[in-house]
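Here is a brief report on one protein model. It starts with the sheet and then turns to the helices.

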Amino acid sequence: MSASASDPAALVRAWDDQQSAYIAGRESRFTAITDVIGLACGTEPLVVDLACGPGSLSARVLQALPGARVIAVDFDPLLLDLAAKTVAVEHGDRVRLVEADLADEAWSDALTDALAGETVSAFVSTTALHWLSPDTLLRVYTAAAELLPRNGLLLNGDHFRFDGRQPTLKRLADVHDTATQARTHAAGALTWDQWWAAAAARDGAGSLATLREERFAHRTAPPSTAVDFHLAALAQAGFSEVGTVWQILDDYVVLGVK
């Protein structure tokens, strides 16, 4: 853990390993997102990564699509600092970081300022928007739709949990999650709590960790939602076509087309 605690790039690699314990086929999920953007948005898309974290998805977009640019949005100061020291350093002016709180209706104003008149090709997110309440998520989807041109995309990859309507699938997904975590942790990946302890221990990160705690101390993840909620929310938000483009049990990538 000492290397992770001292080196931003090592911490991001440890983040990717840690996340893979909770998301089976994580790289396949990334590939599905970048493939769809490449197919639908041309060779030089401007992509907005919502709740970007340390920049894992932003990095995959920039690597997979050499003409792409990314605006990466988050409210977590510790994760944004890691993104600034890794993906922003590697890709230079192809990526811009924006600090904004998606739970605050004014988040889109900060994004509009960063866009400076440019048009977004696609909004993307992975394993992040489940922290938003359903009504807030609908507002985020709606704001994204309003900023997209005709045929612009939104792609959201996350766990959309099976509920009581599908008890067998729910049981299989729970067993699959447990097995994935056991296998990945046995191979040396940090747990969620271990990773955050390492991130907070990095030189100079103490004040960022404190600020993070202040910002999120009273926020908890709302009850999980099923995939049909997200498809309905995207349609309600103004997307003319909605569907799924990738799935492993209860882990999906949903698509909205403006």
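## Sheet and helices

Seven strands form an open sheet in the order β3-β2-β1-β4-β5-β7-β6, and the pairing is mixed. The model is a predicted one. β3 (95–99) and β6 (241–248) are the edge strands, each pairing on one side only. From one strand to the next, the twist averages 20°.

Inside this sheet, β1 and β4 pair in the parallel sense. Three bridges link the two strands. Val 47 stands opposite Ala 122 in β4.

Helix α8 lies across four strands of the sheet: β1, β4, β5 and β7. Relative to β5, α8 runs at about 155°. The table gives the residue ranges of these strands.

| Strand crossed by α8 | Residues |
|---|---|
| β1 | 46–50 |
| β4 | 122–126 |
| β5 | 153–159 |
| β7 | 251–257 |

Helix α8 also has a helical partner. Two packed helices are described by the angle between their axes and the distance between the axes. For α8 (residues 134–147) and α12 (residues 227–237), the angle is about 45° and the axes are 8 Å apart. That angle makes α8 oblique to α12, because it falls outside the ranges for roughly parallel (under 35 degrees), roughly perpendicular (65 to 115) and roughly antiparallel (over 145). The crossing of α8 past α12 is right-handed.

Which residues in α8 meet α12? They are Pro 134, Leu 137, Leu 138, Tyr 141, Thr 142 and Ala 145. On the α12 side, the contact involves Phe 229, His 230, Ala 233, Leu 234, Gln 236 and Ala 237. By class, the contact of α8 with α12 has nine nonpolar residues, three polar ones and no charged ones.

Another residue of α8 is Thr 136. Is Thr 136 buried or exposed? Its relative accessibility is 8%, so Thr 136 counts as buried, the cut-off being under 20%. Leaving aside residues up to four places away in sequence, Thr 136 touches Leu 102 and Ala 103.

Burial also marks helix α4 (residues 56–64). Seven of its nine residues are buried, so α4 is largely enclosed by the rest of the structure. The buried residues in α4 are Ser 56, Leu 57, Ser 58, Ala 59, Arg 60, Val 61 and Leu 62.

In short, α8 lies across β1, β4, β5 and β7, and α8 also packs with α12 at about 45°.

How values were computed
Residues numbered from 1 in each chain as written. Predicted model: local features only at pLDDT ≥ 70, side-chain atom pairs only at ≥ 80, totals over all residues. Heavy atoms only, no water. Axes fitted to C-alpha atoms, helices over the stretch in contact; angles between N-to-C directions. Left-handed = near helix turned anticlockwise from the far one by under 90°. Contact = heavy atoms within 4.5 Å. Nonpolar A, V, L, I, M, F, W, Y, C, P; charged D, E, K, R; others polar. Pairing = 2+ DSSP bridges. Buried < 20%, exposed > 50% of the residue type's maximum accessible area, 1.4 Å probe, protein only.
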